[in-house]
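Visitor: I'd love a close look at one part of this protein. Could you pick a helix and walk me through how it sits among its neighbours, and then follow the links that lead away from there?

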Amino acid sequence: MTDEMSIKPVPSPMQKFAFFIRSITFATKMASRHPIWVIVAIAFVTTLGWGSASAQLSTNFYSKSCPNVLSTVKSVVQSAVSKERRMGASLLRLFFHDCFVNGCDGSILLDDTSSFQGEKTAGPNNNSVRGFNVIDKIKSKVESACPGVVSCADIVAIAARDSVVLLGGPRWEVKLGRRDAKTASLSLANSGVVPPPSSTLANLISRFKAQGLSTRDMVALSGSHTIGQARCVSFRARIYNDSNIDSSFSKTRQANCPLTVGSGDNKLAPLDLQSPTAFNNAYFKNLISSKGLLHSDQELFNGGSTDSLVKTYSTNSKTFNSDFASAMIKMGDIKPLTGSKGEIRKVCSKVN
Ligand code: HEM
């Protein structure tokens, strides 16, 4: 992965103290020359400065305020995934769909209210995104240990990482400190920010670019389709209309996904035909043999600019794993609410 992971340091108590002393010295000098309101204004602005410096995500955000948060999340994810391995895939996707609609702010978790329509019923999510019960269960455990401290947005980020690890994928340190949105947007969720499975390569590239993610990040993150399932409605057009598809593969998939729109729409097929509950690089091998399930999947290996990267990932799982982990960290950095923005929800499906 060529992109850097930049983690801005949170100032240590010593650094804060040194800053305080410098500020006092500066203010004393100013006081000899300027009226008091100038000093007050300077103090206010510098305090705000610290506010934004500490408003960065950090891996140790809850180390004092909720030291057991990571083990609590992990234990709930572990029991959910041991009951149903697909749940790991669903929790990973939940994080993607949260982050791509106005940032990683837990907005996807909100139910409709009288003042807004939430994202749960948006096209990409309706009858499709899963895992809300697992998130609610984690939240209630975390709330009893550390009430009002850990955001739902962070819980989704941790659960996604734990899911990938449990299914055999790479591990990364999750940056934390996101706060929860007080609203959600059905219209934004429906606007195409989450690209549809009919997407061309150009659309995939531009949708990820709009979120600050490179083409390389996009290809690596698409490797998520090494786990989980899709509904017939998402791949019907591909298995009946596309020509860049292995013919025995399309026949197999057609057997459980009727041509007629509206019949069998919710029938499921694995995104990775080889190992749908193991996080590995088989997804990329499938693309090379024209066995991508979604039209958008096969776009990554269809004679275009991403072919060579697909080949690299198909033969080098170390490169895939490390690019995937870096890209997940970048995705988790999309427009977080920090500082005093948003809130820490008590229940993930409702604003406080
Ligand atoms: C590149 C653009 C992407 C497109 C067009 C896309 C599209 C889709 C579609 C259509 C499904 C099946 C939904 C259904 O039929 O119910 C799906 C499933 C899934 N997607 Fe994506 N996706 C993309 C990127 C991602 C990313 C970036 C991630 C995670 C970081 C992800 C993770 C998943 C997972 C794990 C599943 C299976 C979920 C389950 O079994 O519950 N996808 N995706």
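Guide: The buried residues of α5 pack against three other helices, namely α3 (69-83), α4 (86-99) and α6. Please keep in mind as we go that this is a predicted model. Helix α5 itself covers residues 132-145, which makes 14 residues. From its first C-alpha to its last it reaches 20 Å, close to the 20 Å expected at 1.5 Å a residue.

Which residues of α5 are buried? They are F132, V134, I135, I138, K139, V142 and E143, so a lysine and a glutamate are on that list too. Looking down the axis of α5, you will find these buried residues within an arc of 165°, so they line one face of the helix. On the face turned away from that buried side, α5 carries the exposed residues N133 and S144.

Now step off the end of the helix. A disulfide joins C146 to C66, with 1.9 Å from S to S. The angle about the S-S bond is 65°, and this link of C66 and C146 is right-handed. C146 lies in the loop between α5 and α6, while C66 lies in the loop between α2 (36-54) and α3, so the pair ties together parts that are 80 residues apart in sequence. Are these two cysteines buried or exposed? C66 is buried, with a relative accessible area of 3%, and C146 also counts as buried, at 8% relative accessibility.

Helix α6, one of the packing partners of α5, has a disulfide of its own to show you. C152 is joined to C348, S to S 2.1 Å. Here the torsion about the S-S bond is about -95°, so the disulfide is left-handed. C152 lies in helix α6 and C348 in the segment after α15 (317-332), so this pair ties together parts that are 196 residues apart in sequence. C152 counts as buried at 0% relative accessibility, and C348 is buried with a relative accessible area of 1%.

Stay on α6, which spans residues 152-166, and you will meet D154. What does the side chain of D154 make a polar contact with? The partner is the side chain of R178, 2.7 Å away. D154 counts as buried, its relative accessibility being 0%. Leaving aside neighbours within four places in sequence, D154 is in contact with Y62, K175, L176 and G177 as well as R178.

Another partner of α5 is α4, and it leads us to a further disulfide. C99 and C104 are bonded with their sulfur atoms 2.1 Å apart, and both of these cysteines are buried. The torsion about their S-S bond is about 115°, so this disulfide is right-handed.

How many disulfides are there in total? The count comes to 4. If you number the bonded cysteines of the protein in sequence order, the pairing reads 1-4, 2-3, 5-8, 6-7.

One last stop, at the metal. Which protein residue is a donor to the iron atom of the ligand? The iron has a single donor from the protein, H225, through NE2 at 2.1 Å. You can find H225 in the loop between α9 (215-222) and β1 (229-231).

Technical notes: Residues numbered from 1 in each chain as written. Predicted model: local features only at pLDDT ≥ 70, side-chain atom pairs only at ≥ 80, totals over all residues. Heavy atoms only, no water. Helix = DSSP H or I, 4+ residues; strand = E, 2+ residues; numbered from the N terminus. Buried < 20%, exposed > 50% of the residue type's maximum accessible area, 1.4 Å probe, protein only. Polar contact = N/O pair within 3.5 Å; in protein donor to acceptor, adjacent residues only side chain to side chain. Contact = heavy atoms within 4.5 Å. Donors = N, O, S within 2.8 Å, 3.2 Å for Na, K, Ca; no water. Expected span 1.5 Å × (residues − 1). Arc of directions from axis to C-beta. Disulfide = S-S within 2.5 Å.
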